[in-house]
Amino acid sequence: MGKDVIIACDFSSAEKVYSFLDKFGEKRPFLKIGMELFYKEGSQMVKELKNRGHKIFLDLKLHDIPNTVRKAMFNIGAMDVDITNVHAAGGIRMMQEARLGLAEGAESKGYQPAQLIAVTQLTSTDQEMLETELLIKEPIADVVKKYAENAKKAGLDGVVCSPLEASIMRLLDLISVTPGIRLLGDSVNDQKRVSTPEGAKNMGSTYIVVGRSITAADNPLEAYERCVAEFCD
Ligand code: C5P
């Protein structure tokens, strides 16, 4: 799998996802399914989207004891998703077990295992929260790098990060899946550090995750094609 644009399907029901996808005709874009939608619609919707020919990034950010994560990942592997993730804060052993569970689940159905990536620090975490609530005194950039190194040690494929961090991840030989993308002229909304698809390409992102620049566009297909042209070509 190479460079691609992943559409963040931040919709409240499967029905809304399907009617959004109707605008794409025969095109089958790579989709990100997060917790909101998954906890409502479950594996049935993932199966349906896979049957239609979409690749899926299942963004559930697992974080629990290693044994529980391994067993949960088995079930995710058996869903034939293409990318999924864990919190690096769960530690190296948890990430290793996640990798194993994912491979075992995929193998049980004869699928290729998904790429497994780690969340280093959520973008909602800032230096002050890190220090006063989590009692981590190091600069947040060092924490992000250390957690990415842990992901690498655990055998993961990459991380979710800002496009601005993609070049560091390349040095660690990790793929980067980068949200915080806006087409020129679009509203930044609640994102703090944004990049255009072309900027993300130049900074070395492997995949970009684009939500509202596509889902809230007057013409989502045209917005998607602009993202692909800027990022992939
Ligand atoms: O609409 P927008 O393009 O901002 O959506 C970005 C998507 O990426 C959302 O699904 C959001 O939850 C997700 N995300 C993010 N920042 C992170 C991790 C995930 O924006 N650090």
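These are legends for a set of views of a predicted protein model.

**Figure 1. The whole chain, for orientation.** Before zooming in, it helps to know what the fold is built from: 10 helices and eight strands. With a radius of gyration of 17 Å, close to the 17 Å that the globule rule gives for 233 residues, the protein chain is as compact as a globular protein of that length. Measuring tape along the principal axes, so to speak: the C-alpha atoms fill a box of roughly 45 × 40 × 30 Å. Of the contacts with a separation of 6 or more, 68% are between residues 24 or more positions apart.

**Figure 2. Inside, outside and charge.** Buried residues make up 48% of the 233 in the protein chain. The accessible surface adds up to about 11,400 Å², and carbon and sulfur atoms own 49% of that. As for charge, there are 29 positive and 33 negative side chains, with the centres of the two sets 3 Å apart.

**Figure 3. T178, tucked away in strand β7.** Strand β7 covers residues 175-178, and T178 is part of that strand. The relative accessibility of T178 is 0%, under the 20% cut-off, so this residue counts as buried. What does T178 touch, once its neighbours within four places in sequence are left aside? One group of contacts is C161, S162 and P163, and the others are A200, S205, Y207, I208 and V209.

**Figure 4. Two aspartates with positive phi.** Most residues other than glycine have a negative phi. D80 goes the other way, with a positive phi near 60 degrees, and D173 also has a positive phi near 60 degrees. D80 sits in the loop that runs between α3 (66-77) and β4 (83-87). For D173, look in the loop between α7 (166-171) and β7. Buried, partly exposed or exposed: which is D80? At 22% relative accessibility, D80 counts as partly exposed. D173 has a relative accessible area of 59%, which makes that residue exposed.

**Figure 5. The R52–E48 salt bridge.** Side chains of opposite charge can pair when their charged atoms come close. The model has 14 salt bridges in the count, and this view picks out the one where the side chains of R52 and E48 meet, 2.8 Å from N to O. Both ends see some solvent-accessible area: R52 is partly exposed at 32%, and E48 is partly exposed at 29%.

**Figure 6. R70 and its two glutamates.** Which side chains does R70 meet in salt bridges here? One is E97, at 2.8 Å from N to O. That pair links distant parts of the chain, with E97 in helix α4 (residues 92-109) and R70 in helix α3, 27 residues apart. E97 counts as buried at 14% relative accessibility, whereas R70 is partly exposed at 24%. The other is E104, whose side chain meets that of R70 at 2.4 Å, N to O. This pair also links distant parts of the chain: E104 is in helix α4 and R70 in helix α3, 34 residues apart. E104 has 30% relative accessibility and counts as partly exposed. Pull back a little and the shared partners show up: R70, R93, E97 and E104 are joined by salt bridges into one network.

Notes. Residues are numbered from 1 along each chain as its sequence is written. This is a predicted model: local features need pLDDT of at least 70, side-chain atom pairs count only at pLDDT 80 or more; totals for chains, interfaces and linings use all residues. Side-chain values use heavy atoms; hydrogens and water are left out. Helices (H or I, at least four residues) and strands (E, at least two) are DSSP runs, numbered from the N terminus. The radius of gyration is taken over C-alpha atoms; the globule rule is 2.2 Å times the number of residues to the power 0.38. Buried means under 20% relative accessible area, exposed over 50%, partly exposed in between (1.4 Å probe, protein chains only). Contact means heavy atoms within 4.5 Å. Accessible areas come from the Shrake-Rupley method with a 1.4 Å probe; for residues, only the protein chains shown count as cover. Lys and Arg count as positive and Asp and Glu as negative; His and the chain ends are not counted. The place of a charge is taken as NZ of Lys, CZ of Arg, CG of Asp or CD of Glu. A salt bridge is a side-chain nitrogen of Lys or Arg within 4 Å of a carboxyl oxygen of Asp or Glu.
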